[in-house]
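Me: I would like to go through this model in questions and answers. Please show it before we start.

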Amino acid sequence: MELAELRQHPRAIFDSAVHSVDACAAVRKAAQFDGRHLRLFGRVFDLALREVYVVAIGKAAYEMAVGLNESIGDSIKRGIITSRPRKAESILDPRRWHMFAGGHPLPSGASPPPSSAPADICRFLLETSPASSSRSNLSQTTPKMMVDAW
């Protein structure tokens, strides 16, 4: 066997391992939903009693958000994603999901300025929550599921 052929084997193994890691499928498998109850990491959440807000950040954020959306769909009130720029059109509902493009490992021209990104995310959550019309209810509509899960 020649050296060039020997080098192809580790590359094939590496490529197979990378392709077998599917963030969307992993989230679908982890998020078990029966139409009302979400089972996630050993915890059970009654989605009929709470609003679900999703925050996804990182290289696999979009794929993970798609997996959760496929699992619990209409139970998601709003979601935000900060991830690498998408090359294809998103399959997520833009009325429910807001995406911030970022660069990796360094910010790119598509990245929001660092000082504006947290403010933009907070503004999005505040403006799209039911509390936006009544600030006194803000504490009741805070994304509690995310806090509970942590």
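**Strand pairing, helix faces, core and salt bridges**

Reply: β2 and β3 pair in the antiparallel sense over 4 bridges. Two strands count as paired if DSSP finds at least two bridges between them, and helices (H or I, at least four residues) and strands (E, at least two) are DSSP runs numbered from the N terminus. This is a predicted model, in which local features need pLDDT of at least 70 and side-chain atom pairs count only at pLDDT 80 or more, while totals for chains, interfaces and linings use all residues. Residues are numbered from 1 along each chain as its sequence is written, and side-chain values use heavy atoms, with hydrogens and water left out.

Me: Which residue of β3 does H37 stand opposite?

Reply: β2 covers residues 37–40, and β3 covers 43–46. The two strands run antiparallel. The residue opposite H37 is D46.

Me: Which strands stand at the edges of the open sheet?

Reply: The sheet has 3 strands in the order β1-β2-β3, with antiparallel pairing. Each edge strand has a single partner, so one side of each is left without a neighbour in the sheet. The edge strands are β1 (32–33) and β3 (43–46).

Me: Within what arc do the buried residues of α2 fall?

Reply: In α2, A23, C24 and V27 are buried (under 20% relative accessible area; exposed is over 50%, partly exposed in between, with a 1.4 Å probe and protein chains only). The arc is taken from the directions from the helix axis to the C-beta atoms. The buried residues line one face of the helix, because they fall within an arc of 105 degrees.

Me: What is included in the cover over the buried residues of α2?

Reply: Contact here means heavy atoms within 4.5 Å. What covers the buried residues of α2 includes α3.
A salt bridge (a side-chain nitrogen of Lys or Arg within 4 Å of a carboxyl oxygen of Asp or Glu) also joins R28 to E70. R28 lies in α2 (residues 23–30) and E70 in α3 (residues 61–72), so the pair ties together parts that are 42 residues apart in sequence. The element asked for is α3.

Me: Which element supplies the largest share of the largest nonpolar core?

Reply: A nonpolar core is a set of buried Ala, Val, Leu, Ile, Met, Phe, Trp, Tyr and Cys residues joined through side-chain atoms within 4.5 Å. The largest one has 20 residues, and those touching the most other members include L68, I72 and I76. α2, β2, β4 (52–57), α3 and β5 each supply at least two residues. The largest share, 6 residues, comes from α3.

Me: Which residues does I76 touch, not counting those up to four places away in sequence?

Reply: I76 is one of the core residues that touch the most other members, as are L68 and W97. Its contacts beyond four places in sequence are V52, V54, L68, N69, R96 and W97.

Me: Is R96 buried or exposed?

Reply: The side chains of R96 and D74 meet in a salt bridge, 3.5 Å from N to O. R96 lies in the loop between β5 (76–83) and β6 (97–101) and D74 in the loop between α3 and β5, so the pair ties together parts that are 22 residues apart in sequence. D74 is exposed at 69% relative accessible area. R96, at 19%, is buried.

Me: How many salt bridges does a search of the whole structure find?

Reply: Among them is the pair D93 and R95, whose closest N and O atoms are 2.9 Å apart. D93 is partly exposed at 25% relative accessibility, and R95 is exposed at 69%. The number of salt bridges found in the whole structure is 4.
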